[in-house]
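This briefing is meant for someone meeting the structure for the first time. It starts from one pairing inside a sheet and then widens to the chain as a whole, its aromatic rings and a few single residues.

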Amino acid sequence: MSEWYKDLYYKDFKGKHVLVTYDDGTAIMGAVTYGVLETRESGREISDCYVRLMPALAGIEGEHTEDTSIAVLVCMEDDRWRPLDGIKSVDLVWDERDWYRIDTKDVRVGDAVVVDGVLYEVTKASLAHTDYPCVGTDALGRNPIDLRLVSCALRRKVKVPAKPGFYKDTLGRLWARSAKPADGGPWRHVDPDALNKPARSDKYMSILMPLTPVHFVDGEAEEQDGSGPFEGLVQHLMSKTPASDWRAA
């Protein structure tokens with residue numbers, strides 16, 4: 001049984017979505033939050049020692065079940081959490097600190113889908129012009145997932161990189177972020193055919209997330225025929241930069 005919750009501070013449960021499985025096989029999924037016994041004048045909250053699933057579902061009963069929530073974890077005398085009697089497991093599915101919900105029709109590579117309480121990252125999306133839209137995932141050997149079976153679709157909460165350098169987008173294309181933004185933004189596509197296209201903003205780049213840093217290896221490069229993407233970029237940069245700036249450090 002997963003014990004990710006055992007030593008967690010009670011406020012850190014907020015925004016976590018879990019799959020609760022009971023001894024009789026019943027399984028329910030939802031967000032959990034900590035119970036508050038009282039709030040002091042200073043604003044400090046005192047936990048009631050229970051973590052609850054929100055909201056409660058009809059037909060689920062228990063000693064600590066209320067009209068609006070179901071207690072699933074209790075804090076013991078050793079200050080560690082354990083599932084209440086009758087609960088087989090409480091498994092973490094996703095965390096609102098890392099993901100936010102999106103519509104299934106907007107799913108793209110790099111997003112995630114939740115099916116039967118399991119999160120799968122999308123590696124291939126097939127949404128357009130199909131009667132049964134589906135996605136391929138990172139699950140080894142699993143067939144594509146029909147989006148009608150998805151309980152929620154998610155996208156990572158990640159910020160567009162602010163550090164200058166080279167990055168690869170979700171489609172495998174290379175981008176360069178400059179330290180001083182040009183008109184339109186600090187991003188340029190690293191491709192000879194795109195050198196004269198306008199710079200792109202952080203907002204534009206956010207739709208191409210995740211952006212993965214690209215690092216270059218020192219050493220002698222293999223001979224090229226001059227037609228690769230970097231040859232065009234280098235020639236363009238050299239034409240715009242004074243020769244003194246290309247001297248060895």
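Which residue is the bridge partner of R177 in β15? In this predicted model, the partner of R177 in β15 is W187. R177 also has a partner in another strand, since G165 is bridged to R177 of β14. The points below place these pairings in their sheet and then turn to other parts of the chain.

**The sheet around β14**

- An open sheet is formed by four strands, which follow the order β15-β14-β13-β16 and pair in the antiparallel sense; its edge strands, β15 (185-189) and β16 (212-213), each pair on one side only.
- Strand β14, which covers residues 174-182, is joined to β15 by four bridges in an antiparallel arrangement, and within this pairing A176 stands opposite R188 of β15.
- The link between these two strands is a hairpin with two residues between them, and G184 in its turn has a positive phi of about 105°.
- On the other side, β13 (residues 165-168) pairs with β14 over four bridges, again antiparallel, and the hairpin of β13 and β14 has five residues between the strands, with G172 taking a positive phi near 90°.

**The chain as a whole**

- The chain holds two helices and 16 strands, and of its 249 residues 34% count as buried.
- Among contacts between residues at least 6 apart in sequence, 46% join residues at least 24 apart.
- About 16,300 Å² of the chain is exposed, and carbon and sulfur atoms supply 50% of that area.
- The average pLDDT of the chain is 77, with 73% of the residues scoring at least 70, whereas over residues 226-249 the pLDDT stays under 50, and for that stretch the model has 17 contacts beyond four places in sequence.

**Aromatic rings**

- The count of aromatic pairs comes to seven, and one of them is the edge-to-face pair of Y10 and Y34, with 5.0 Å from centre to centre and 85° between the planes.
- This pair links distant parts of the chain, for Y10 lies in the segment before β1 and Y34 in strand β2 (residues 27-39), 24 residues apart.
- Y10 is buried, with a relative accessible area of 13%, and Y34 also counts as buried, at 14% relative accessibility.
- F13 and W81 form an edge-to-face pair as well, at 5.2 Å centre to centre with 75° between the planes; here F13 comes from the segment before β1 and W81 from strand β5 (residues 81-83), 68 residues apart.
- Both F13 and W81 are buried, and ring pairs link them with W4 and Y5 into a cluster.
- R200 lies over the face of Y204, at 4.3 Å from the ring centre.

**Two residues in their surroundings**

- K16 is found in strand β1 (residues 16-22) and counts as buried because its relative accessible area of 3% falls under 20%.
- Beyond four places in sequence, the residues that K16 touches include W4, L8, V32, W94 and D95.
- P210 lies in the loop between α1 (202-205) and β16 and is partly exposed, with a relative accessible area of 38%.
- Leaving out residues up to four places away in sequence, P210 touches K168, D169 and T170, while its C-alpha atom is separated by 8.1 Å from that of V160, 50 residues apart along the chain.

Notes. Residues numbered from 1 in each chain as written. Predicted model: local features only at pLDDT ≥ 70, side-chain atom pairs only at ≥ 80, totals over all residues. Heavy atoms only, no water. Pairing = 2+ DSSP bridges. Buried < 20%, exposed > 50% of the residue type's maximum accessible area, 1.4 Å probe, protein only. Contact = heavy atoms within 4.5 Å. pLDDT = per-residue confidence, 0-100. Areas by Shrake-Rupley, 256 points an atom, 1.4 Å probe, with all protein chains shown as cover. Phe/Tyr/Trp six-rings, centres within 6.5 Å; stacked < 30°, edge-to-face > 60°. Lys NZ or Arg CZ within 6 Å of the ring centre and 35° of its normal.
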